[in-house]
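User: I am new to protein structures and would like a close look at a single part of this one. Please pick one strand and show me how it sits among its neighbours.

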Amino acid sequence: MYKTILVPLDGSKLAECVLPHVEALSKGCQVKNVVFVRAVEPFDQLVAGEYIPRPEEIDRINARMISEAEIYLKQLLHGLEYDGVDLRWKVIQGRAAEALAAYAAKEGANLIIIATHGRSGVSRWVWGSVADRILRSSCVPVLMVKAPGCVPGV
């Protein structure tokens, strides 16, 4: 049923709480491919305020963010092995939720597995939820895993 699973990660240990779920589904559902993805928002989309960096500074910052994301994913995959499953990684650029949903569709993913921080109330309203936006914008089924330490709330 699930041939390709997409696993968005943000570089945090909290996001990695999905890994046991990915492994279990890979074994139990005869998954062929797991793609670990890190979305990097281009710095120029994040710039706010009066200081405007020079284009070469923006390019340098973007290149460093991409490089750090690649290093993270390579290190993560170095310690993983799921029998008979092709494990890959990919760094994509753009607004996280939208870029991840588009990448899942483009790559033919059958499932997205993502951690949710479990924020609620004002915290969720202020910070938003990438996982929630992926759930709403993706045509691919999404499995959301609550992070350890999640506290129920409104």
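Analyst: Here is a close look at strand 4, with its surroundings first.

This is a predicted model: local features need pLDDT of at least 70, side-chain atom pairs count only at pLDDT 80 or more, and totals for chains, interfaces and linings use all residues. Residues are numbered from 1 along each chain as its sequence is written, and side-chain values use heavy atoms, leaving out hydrogens and water.

Start with the whole chain. The protein chain has 6 helices and 5 strands. Both are DSSP runs, numbered from the N terminus: helices are H or I with at least four residues, strands are E with at least two. From the N terminus on, the order is β-α-β-α-α-β-α-β-α-α-β.

Now the sheet. Its 5 strands form an open sheet in the order 3-2-1-4-5, with parallel pairing. Two strands pair if DSSP finds at least two bridges between them. The edges are strand 3 (86-93) and strand 5 (142-146), and each pairs on one side only. From one strand to the next, the twist averages 25°. Angles run from 0 to 180 degrees between N-to-C directions, and axes are lines fitted to C-alpha atoms, for helices over the stretch in contact.

Next, the neighbours of strand 4. Strand 4 (residues 111-116) pairs with strand 1 (residues 4-8) in the parallel sense, over 2 bridges. I5 stands opposite L111 of strand 4. L6 has I112 as its bridge partner. Strand 5 also runs parallel to strand 4, and 5 bridges join the two. There, I112 has V142 of strand 5 as its bridge partner. Strands of a sheet pair through backbone hydrogen bonds, either parallel or antiparallel.

Then look at burial. Buried means under 20% relative accessible area, exposed over 50%, and partly exposed in between, with a 1.4 Å probe and protein chains only. In strand 4, 6 of the 6 residues are buried, so this strand is largely enclosed by the rest of the structure. Across the protein chain, buried residues make up 42% of the 154 residues.

Both faces of strand 4 are covered. In a regular strand the side chains alternate between the two faces of the sheet. On one side of strand 4 sit L111, I113 and A115; on the other sit I112, I114 and T116.

Finally, a helix. Helix 4 (residues 96-107) lies across strand 1, strand 2, strand 3 and strand 4. Helix 4 runs at about 135° to strand 3.

Terms used
Contact = heavy atoms within 4.5 Å.
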